[in-house]
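Trainee: Could we go through the empty spaces in this model together? I would like to know what lies behind each label.
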Amino acid sequence: MRAPDLSDVLAAARVIRGQADATPMVPSALSARLGCDLWLKLETCQPTGAFKLRGALNAVAGLGAVPGVICCSTGNHGRALAHAARARGLRAVVCMSSLVPQAKVDGIRALGAEVVIHGHSQDEAQAESARRARVEGLVEVPPFDDPRVIAGQGTIALEMLAQQPDLDTLLVPLSGGGLAAGMALAARAIRPDIRVIGLTMARGAAMQASLVAGHPVELPEVESLADSLGGGIGLDNRLTLALCRRHLDEVILLSEEEIRDAMQALFHEDRLVAEGASVVGIAALLSGRVPARGRIGTVITGRNVDMDQFLRVITGQDLQLGEVIVKGKRYGA
Ligand SMILES: *Cc1c(COP(=O)(O)O)cnc(C)c1O
């Protein structure tokens with residue numbers, strides 16, 4: 001399978017034009033406190049509440065006459081595929097594990113997709129998606145390890161650099177790596193000197209473990225504030241591991257406390273509602289893990305947060321994440 005390059009990202013930009021390219025990039029109110037120029041690309045403004053619409057639209061546009069599409073998802077890719085399939089009058093089936101928050105399941109059902117809850121990990125949901133694809137003759141649209149999906153996500157970097165050509169660092173949330181691979185390959189083709197850093201949660205960082213090992217590694221999946229960053233990279237990973245190895249300068253891991261602090265900061269200072277997965281770039285700056293210097297752009301990847309949990313986060317209450325309790329802390333305390 002040919003890895004995507006800048007020409008594929010430019011082609012994807014034409015495909016999604018008018019459907020998923022209208023998200024704003026705004027200066028963050030946190031810039032002054034951090035001492036850098038911080039820009040937020042608000043993928044929270046997508047019609048499906050997350051950036052994954054870009055990759056799903058680009059992938060579905062490449063399909064001929066098919067009976068329907070199927071995927072596994074931690075939630076946001078399923079919602080994106082449901083939206084893209086509905087626009088083309090296609091049947092959509094979304095396989096998810098029991099770890100996926102109810103708010104995400106509801107959002108997918110509301111778009112007319114069939115939801116299958118299967119197993120307790122993204123890997124189990126993936127196996128179910130592959131099985132049903134075979135049995136029911138549906139086309140699988142993977143959440144990240146697909147050239148059209150990667151190219152679609154890469155369009156975010158084109159838009160950020162078109163608006164602010166002199167950004168010197170991009171901070172990109174990282175899970176399966178479709179977003180980071182697409183953005184990094186596009187950004188570096190345009191600006192070879194730009195730094196691209198992948199950020200993810202410390203608990204269950206499968207891409208980071210795989211980069212260190214030099215091959216895909218499976219990790220136990222646990223509950224996290226950054227639920228959209230959960231799941232492995234696939235033991236048969238074809239594209240995103242190699243692209244992340246080639247194009248990312250660094251991968252940095254964030255604790256649940258650091259993610260909580262960043263959700264609070266983004267809410268209280270920028271007045272934005274965002275998922276834990278979205279704020280890892282801000283968490284890296286606030287915690288000092290990435291030096292706050294120069295002109296930095298980060299992607300606020302999605303808003304599809306469970307509102308009960310979000311309210312607990314921003315009001316500083318204790319949070320139960322599986323076996324772990326994150327002790328409450330009020331913003332600014
Ligand atoms: C999927 C997702 C990510 C990570 O994207 P990958 O391509 O899997 O690395 C980050 N944030 C949100 C909100 C997501 O839904």
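Mentor: Gladly; this is a predicted model, and we can take its cavities, its pockets and its ligand in turn.

Trainee: How many cavities of 30 Å³ or more does a search of the whole structure find?

Mentor: The search finds four. The largest holds about 290 Å³ of space, and the second largest has a volume of about 70 Å³.

Trainee: What makes a space a cavity rather than a pocket?

Mentor: A 1.4 Å probe fits in a cavity but cannot get out, whereas a pocket is an open set of points. The space of about 290 Å³ is listed as a cavity, so by that rule the probe cannot get out of it.

Trainee: Which residues lie nearest the centre of the largest cavity?

Mentor: Phe51, Lys52, Ser175, Gly176 and Ser228 do, out of 25 lining residues. Helix 8, residues 178–190, gives the largest share of that lining, with three residues.

Trainee: Why is the largest cavity said to lie between domain 1 and domain 2?

Mentor: Because domain 1 (6–50 + 148–326) and domain 2 (53–140) both give residues to its lining.

Trainee: What is the make-up of that lining by class?

Mentor: The lining of the largest cavity has nine nonpolar, 14 polar and two charged residues. Keep in mind that Gly counts as polar here, so Gly176, one of the residues nearest the centre, falls in the polar class.

Trainee: How do the residues lining the second largest cavity divide?

Mentor: They divide into five nonpolar, four polar and two charged. Among the lining residues are Arg203 and Glu221, and Arg and Glu count as charged. Gly204, Gly230, Gly231 and Gly232 also belong to this lining, and Gly counts as polar.

Trainee: Now the pockets. How much space lies in the largest pocket?

Mentor: About 440 Å³. Of the 20 residues that line the largest pocket, Gln126, Asp145, Ile233, Gly234 and Asp236 are the closest to its centre.

Trainee: Which helix gives the largest share of its lining?

Mentor: Helix 6 does, with four residues. Strand 3 (68–72) and helix 6 (122–136) each supply at least two residues. By class, the lining of the largest pocket has eight nonpolar, six polar and six charged residues.

Trainee: Why does the largest pocket count as lying between the domains?

Mentor: Both domain 1 and domain 2 give residues to its lining, so the largest pocket lies between them.

Trainee: And what is known of the second largest pocket?

Mentor: About 300 Å³ of space lies in it. It is lined by 20 residues, with Leu99, Pro101, Glu223, Ser224 and Asp227 the closest to its centre. Domain 1 and domain 2 each give at least three residues to this lining, which divides into seven nonpolar, nine polar and four charged.

Trainee: Last, the ligand. Which residues come nearest to it?

Mentor: Lys52, Asn76, Ser175, Gly177 and Thr301, out of 16 residues around it.

Trainee: What makes the pair formed with threonine 301 a polar contact?

Mentor: A nitrogen atom of the ligand is 2.8 Å from an N or O atom in the side chain of threonine 301. The cut-off for N or O pairs is 3.5 Å, so this pair qualifies. A backbone N or O atom of glycine 178 lies 2.9 Å from an oxygen atom of the ligand, and a polar backbone atom of leucine 179 is 2.9 Å from a ligand oxygen.

Trainee: How much of the ligand's accessible area does the protein cover?

Mentor: It covers 99% of the 380 Å² that the ligand has on its own.

How values were computed:
Residues are numbered from 1 along each chain as its sequence is written. This is a predicted model: local features need pLDDT of at least 70, side-chain atom pairs count only at pLDDT 80 or more; totals for chains, interfaces and linings use all residues. Side-chain values use heavy atoms; hydrogens and water are left out. On a 1 Å grid over the protein atoms alone, a cavity is a set of points where a 1.4 Å probe fits but cannot get out, and a pocket is an open set with protein on both sides within 12 Å along at least five of seven lines; lining residues have an atom within 4 Å of a point. Grid points are joined across faces, edges and corners, and a volume is the space filled by probe spheres set on the points. Domain bounds come from an automatic or database domain assignment. A residue is near a molecule or strand if one of its heavy atoms lies within 4 Å of it. A polar contact is a pair of N or O atoms within 3.5 Å; within protein, one must be able to donate a hydrogen and the other to accept it, and residues adjacent in sequence count only if both atoms are side-chain atoms. Accessible areas come from the Shrake-Rupley method with a 1.4 Å probe; for residues, only the protein chains shown count as cover.
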